[in-house]
Every structure is written in C-alpha cells, then in structure tokens.
Amino acid sequence: MIKTSIAAALALALAAGSAMAEFKDFTVNGELVTKAQQEAVATEVLANSGNPHQAMMDSSIEEQVKDMIIETKVMGRYARQKGLDKDPAVQEQIARATDMILMQQAVNKFLKENPVKEETIKAEYDKEAQRWGDTEVRVRHILVKTEAEAKDLIDQINKGASFAKLAAEKTLDEGSKDVGGILDWQSPSVYTGGLSTAIAGLKKGEMSKTPVQSPAGYHVIKVEDTRKAQLFPKYEDRKMELRHVLMQRHVKAFIHEQVLGADIKDAK
C-alpha cells in the first residue's frame, strides 16, 4: 500500500521533470536495463527510506539506482558462472523468494479488484467514535497488589484520608505516583479489565465502592472530573490510517480463505 503511493508520487515527479530522475536505458555485459526497470527499483528504494518523499526529490537517487542494478547484475552473473545457482540450498531460497513475490502480486491484484470503499471507512470510523463515547474523564487511582489492600484504602478514604496522599504513598503506578494518582483525560473505553466499565459507571466526584481488578492488580478509582469528548480524531485525520487497517483486515481474510481451500497433509 505504501509502495503504491510512492510509485504514484515517483511517476508524477518524472512527468513533471523534477530534479530527481532522468533514468535512461543502459546495458550491463550486453544485458539491457530499461528506464522502467530502474523506476521500479527506485520505487523500492524510496519505500525503504526513512523519508521517502524527501528522497524522491534527491537527484542522487538516479545514480544510486544505477549502481545498485549494476552491482546486482554483475554479481548475479559471477554467481551463475561459479554454478551457485545450481546449489540446492540456493534454489530453495530462490523458490521461497519467488513464492513471496507471487504472494505480494496476488495481494496487490486482490486489493486492486477489491478496494476499500469510502463508506466502509466511514462506517468503521463511526464504530470507533461510538466506542469512544461522548464523555471523557479525568480519573484518580491507586494501584495495589491485593484486593485486601485496596479495600483498606477505600475504608481509609471514606473515613477522611486524602486520596491524593495515599496514592503518592501506596500506588504501584509510577506514572501517576507524583501527581496523586491522577490519570489525565481519556475515554473510559481505553482502560483495560473491569476499569472501563467501572469508570463509565461513576459520576463526577464518585469513588468506586469496591476494588476494581485489572491485569496490573487492584485499583481504587475516583472520577475527578468529566467533560464532553475532545480527544477523538476528526474523520479526515483518521481516514488514511483506517483505510490501511481495513486493507490489512481484508488481505488477512483473503489469505485465510485461500489457506482453508488448500490440500494440506502430513508427509508420509
């Protein structure tokens, strides 16, 4: 997916006559290397660079691609002259590489024929927005190892002890220890275990009557404040990432379907 967008950008740069590229046909030991072949290699180079769009505008990419192809062609010829292409281990590697290339091409063809539609992305966004909810909370909590410890802390707070002071002294959460157990604004949905349900069930100023268990231990929680949701991203800011997620999901299902139809048996 990323490579496709880079290839499109590369084509635009070439068409615009940018400083980046004026690939020309050349030969290596009599073997023709076409402009199109160089552009394909350039796409791969850019896809693997740290900053592909900046790299695309670098005029040195032309020489880098040419050098890379020359080295590959020369060393490939040398290896064949030495008979390395006849080595069973090498042939096995080539077969694996071929299968991987064919798999990628099959996936690319599938995505081209089954693009993720705008309405599908919007529907997924709406689901995420619904899960996030329309309210965000600012929570104070104390994390301890055992339920008994948490019950004791609830009892102390109910008798007038300072929640913030106990959090600073007792919590196992180093990230909130120095701020009296405060967890900054979030949707209740982001919390794990029973925390999400427990937090969503509390009103502003309320503390949990019983300890709340999570994978990390037992929590005493209090909702310090609530507000209308502000953190959930706008659709346009989330759209491209969601498209990528949905494409991955579709590809996974497509591959799984092919695997289910395969004849797989233990070798005798």
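Is Val179 buried, partly exposed or exposed, and what is its relative accessibility? At 47% relative accessibility, Val179 counts as partly exposed. The classes used here are buried (under 20% relative accessible area), exposed (over 50%) and partly exposed (in between), with a 1.4 Å probe and protein chains only. Val179 sits in the loop that joins helix H9 (174–177) to strand S4 (182–186). Its C-alpha lies 7.6 Å from that of Ala164, and the two residues are 15 positions apart in sequence.

The structure is a predicted model, in which local features need pLDDT of at least 70, side-chain atom pairs count only at pLDDT 80 or more, and totals for chains, interfaces and linings use all residues. Residues are numbered from 1 along each chain as its sequence is written, and side-chain values use heavy atoms, with hydrogens and water left out.

The chain has 268 residues, of which 31% are buried. Its secondary structure consists of eleven helices and six strands. Both are DSSP runs numbered from the N terminus: helices are H or I with at least four residues, strands are E with at least two. Contacts (heavy atoms within 4.5 Å) were examined by separation in sequence. Among those with a separation of 6 or more, 68% join residues 24 or more positions apart. The chain exposes about 17,600 Å², and carbon and sulfur atoms supply 54% of that area. Accessible areas come from the Shrake-Rupley method with a 1.4 Å probe; for residues, only the protein chains shown count as cover.

Toward the N terminus, Asn29 occupies the loop between strand S1 (26–28) and strand S2 (31–33). Its phi is near 50 degrees, a positive value in a residue other than glycine. Asn29 is exposed, with a relative accessible area of 52%.

Helix H2 spans residues 35–47. Its 13 residues reach 18 Å from first to last C-alpha, close to the expected 18 Å. The expected span is 1.5 Å times one less than the number of residues. Buried positions in H2 are Gln38, Glu39, Ala42, Thr43, Val45, Leu46 and Ala47. Lys35 forms a salt bridge with Glu39, with the closest N and O atoms 2.5 Å apart. A salt bridge requires a side-chain nitrogen of Lys or Arg within 4 Å of a carboxyl oxygen of Asp or Glu. Lys35 and Glu39 are four residues apart in H2, and about one helical turn separates them. An α-helix has 3.6 residues a turn, so residues three or four places apart point the same way. The partners differ in burial class: Lys35 is partly exposed at 36% relative accessibility, whereas Glu39 is buried at 17%.

Helix H5 (residues 88–113) holds a pair with matching spacing: Lys109 and Glu113 are four residues apart, about one turn of the helix. Their side chains meet in a salt bridge at 2.6 Å, N to O. By the stated rule, the model contains 21 salt bridges.

On the surface, Val74, Met75 and Tyr78 form a nonpolar patch with about 290 Å² of accessible area together. Patches are made of residues with over 30% relative accessible area and no salt bridge; like charges are joined within 9 Å, and nonpolar side chains (Val, Leu, Ile, Met, Phe, Trp, Tyr) within 5 Å. Met75 belongs to helix H4 (residues 61–81).

Strand S6 (residues 217–228) pairs with strand S3 (residues 135–144) in the antiparallel sense over ten bridges. Strands count as paired if DSSP finds at least two bridges between them. Arg138 stands opposite Asp225 of S6. S6 also pairs with strand S5 (residues 212–214), again antiparallel, over three bridges. Here Gln213 has Tyr218 of S6 as its bridge partner. S5 and S6 form a hairpin with two residues between them.

A salt bridge also links S3 and S6. Arg140 pairs with Glu224, the closest N and O atoms being 3.1 Å apart. Arg140 lies in S3 and Glu224 in S6, so the pair ties together parts 84 residues apart in sequence. Arg140 is buried at 15% relative accessibility, while Glu224 is partly exposed at 24%.

A salt-bridge network links Glu118, Glu236, Lys239 and Arg243. Lys239 lies in helix H11 (residues 235–260). At 16% relative accessibility, Lys239 is buried. Leaving out residues up to four places away in sequence, Lys239 touches Glu118 and Ile121.
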